[in-house]
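Subject: Structure handover

Hello,

Here is the structure I promised to pass on. My notes follow below it; please have a look at the model before you read them.

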Amino acid sequence: MTLAILQRTDRFVSVVWPSGLHGMNGYLFLLPAVALVFILVIALGYMLEFSLHELDLSTYRLKEAYSLTNYQTILDRPVYLRVLWRSLLAALIVTVITVFLAFPYAYLMVRTSSAATRKFLLVALFLPFFIGQVVRAYGWLIILGKQGLLNSILTGLGLPALDLIYNYPAVILGLVQYMLPFAVLLLTPAVAAISEDVELASESLGANWLQTFRHVVIPMATPGLVGSSVVVFTLTLTDFAMPEILGGGTSDFIANAIYDSYFQISNIGLGAALAILLTLIGSALVALMFMIAGTGTLAVTEAEE
Amino acid sequence: MNGPRSKAIALWGLVAFSLILLSFPTVIIIGASFTAGEIIQFPPEGFSLRWYEKLWQLDSFQDALLRTFYVSFICTLISLPVGTLAALATVRYRIRFRRTLQVYLLLPFTIPLVVSGLGMLIVFGEVRILGQLWPVGLALCIINLPFMIWAVSASVNGLDSELENAAANCGAAPVQIFFTVTLPAVMPGVITGALLMFILAFNEFLVSLFLVDSRIVTLPVQIYNSIRSVITPDLAAVSVVYILIAVIAVWVLDRLVGLEIFLRSK
């Protein structure tokens with residue numbers, strides 16, 4: 001029955017796609033994916049176009065004439081430079097903390113001799129990985145909130161309650177927790193590629209474990225470290241949910257400014273200019289990673305090698 | 001001081017910290033969802049299932065949950081053929097500009113989500129398909145497509161092309177070979193990818209926030225909207241639904257391909 005369907009399909013295919021065209025099969029297979037991603041390219045085109053028109057405040061429409069006013073506005077208004085700086089600084093802090101925590105996690109997961117420990121570490125990693133940002137931010141709200149878990153403990157001990165939520169450190173905490181699984185998963189293949197013999201050799205030559213880490217393990221894991229750092233950095237830089245929910249308006253990132261420029265102040269031109277700027281920064285970082293660590297850092301390109 | 005013991009203590013100390021960090025919000029949400037009180041407070045006001053019961057009676061929750069399933073289903077359905085074929089093409093077929101195409105297919109990762117969200121809001125508005133659910137599914141498929149391609153690519157490498165040649169020598173036609181030889185060989189990757197796509201779509205928040213309105217709100221957006229008003233324990237119960245689905249996904253993934261697959265050196 002199934003075979004009959006397959007044979008009939010084959011007969012049909014041999015008519016519309018004769019074997020002379022089979023050299024093109026690769027392109028045919030790629031076509032749907034290329035077409036879907038092209039929707040994003042069109043979207044970027046629209047954004048670029050919108051970003052080049054100033055908002056006419058009398059009609060609340062974009063002016064016909066092309067200008068760089070929106071980009072000028074971003075550079076002129078201290079509020080946008082502050083937002084940009086705040087996002088970049090957070091990306092840096094989150095990357096450093098996350099990769100610092102991710103490395104021992106990946107290392108232990110690869111090196112442990114106990115299959116049960118390995119499975120436990122994997123499950124503990126994948127569970128939060130499969131739980132979205134909003135739910136995890138909500139968990140932090142319960143913990144850090146005004147009447148949250150930590151403040152209840154503090155007041156229970158007779159101590160004054162603290163403002164733990166709606167500030168920059170809360171956003172950083174939420175982001176580190178969110179990024180940790182990404183960082184570990186990107187680091188693990190690089191750590192797994194390091195043979196344990198190399199470490200043993202280093203130690204038999206008299207190096208202690210810190211020296212072995214410093215001079216052998218970490219240099220050998222550099223591609224993985226670069227890859228996960230760039231991914232964590234860009235994901236943090238472009239994040240929306242954590243600054244929105246845990247920052248409560250005090251710690252807006254670029255993404256929040258883009259959202260607000262569209263939904264709050266209805267200035268699509270300005271939002272588009274911010275979006276183009278953010279895309280450029282993000283792409284530059286990825287390009288930098290390709291240049292430093294080679295294309296092999298991303299699993300998709302790795303597959304063929 | 002720098003012996004193997006200090007190494008174990010230092011590493012396990014950091015990992016223990018990470019483990020607490022990773023599980024803390026989840027554990028607290030589960031605890032809070034069982035409170036008997038009107039508000040979330042510590043220590044909780046006794047144990048009850050009242051918030052789960054309320055959830056069942058809440059139409060808005062059920063509608064949002066159904067919509068979220070629908071959107072994730074559309075996303076997975078589109079990504080299955082599109083991602084599988086793209087992965088086969090980039091890894092197995094002779095293509096010019098392979099590098100360029102691979103970088104192009106990574107665009108959904110390199111373009112920030114907030115930009116993709118706003119951009120697709122504009123494009124979908126231009127072609128007048130906003131206010132419906134299927135475009136949301138399509139959008140979530142586009143932004144996560146590299147995950148599907150990545151998952152399938154990983155298993156294409158394990159596919160022996162001699163098998164396909166053997167089938168061809170035995171007289172099998174191309175479509176038959178594809179469905180009886182190629183596809184079964186890459187099935188672990190296809191299943192992993194589909195599972196990833198479903199879970200990611202089920203959780204996706206930012207792009208959905210741009211594309212849904214109050215009539216077609218999905219669960220992550222609804223949770224977000226509720227967080228902004230009053231935090232009641234029913235939200236914790238909703239979140240437990242997410243935790244449950246994550247548990248199931250991890251279990252299925254482990255059963256089908258084994259979580260250890262992610263530990264392999266490339």
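A word on terms before the hairpin: helices (H or I, at least four residues) and strands (E, at least two) are DSSP runs, numbered from the N terminus, and two strands pair if DSSP finds at least two bridges between them. This is a predicted model, in which local features need pLDDT of at least 70 and side-chain atom pairs count only at pLDDT 80 or more, while totals for chains, interfaces and linings use all residues. Residues are numbered from 1 along each chain as its sequence is written, with chains lettered from A and ligands numbered from 1 in the order in which they are written.

**The hairpin in chain A**

Strand 1 (residues 53-56) and strand 2 (residues 61-66) of chain A run antiparallel and are joined by three bridges. Among the pairs, His53(A) is matched with Tyr66(A), and Asp56(A) with Arg61(A). Four residues lie between the two strands of this hairpin, and Tyr60(A) in the turn has a positive phi of about 60 degrees.

For burial, I count C-beta atoms, placed from the backbone, within 10 Å of a residue's own: 20 or more others make it buried, 12 or fewer exposed, and anything in between partly exposed. By that count strand 2 of chain A is hardly covered, with zero buried residues among its six.

**Helix 11 of chain A**

Helix 11 (residues 222-237) of chain A spans 22 Å from its first C-alpha to its last, close to the expected 22 Å for its 16 residues; the expected span is 1.5 Å times one less than the number of residues. Because 13 of its 16 residues are buried, helix 11 of chain A is largely enclosed by the rest of the structure.

**Asn203(B) and the interface**

Asn203(B) belongs to helix 9 (residues 174-203) of chain B and counts as buried because it has 24 C-beta neighbours inside 10 Å. Leaving aside residues up to four places away in sequence, Asn203(B) touches Ile131(A), Gly132(A) and Pro220(B), where contact means C-beta atoms, placed from the backbone, within 7 Å.

The contact between the chains takes 84 residues from chain A and 89 from chain B. Helix 1 (residues 4-33) of chain B gives the largest share of chain B's side, 17 residues.

Best wishes

Terms used:
Two residues are in contact if their C-beta atoms, placed from the backbone, lie within 7 Å.
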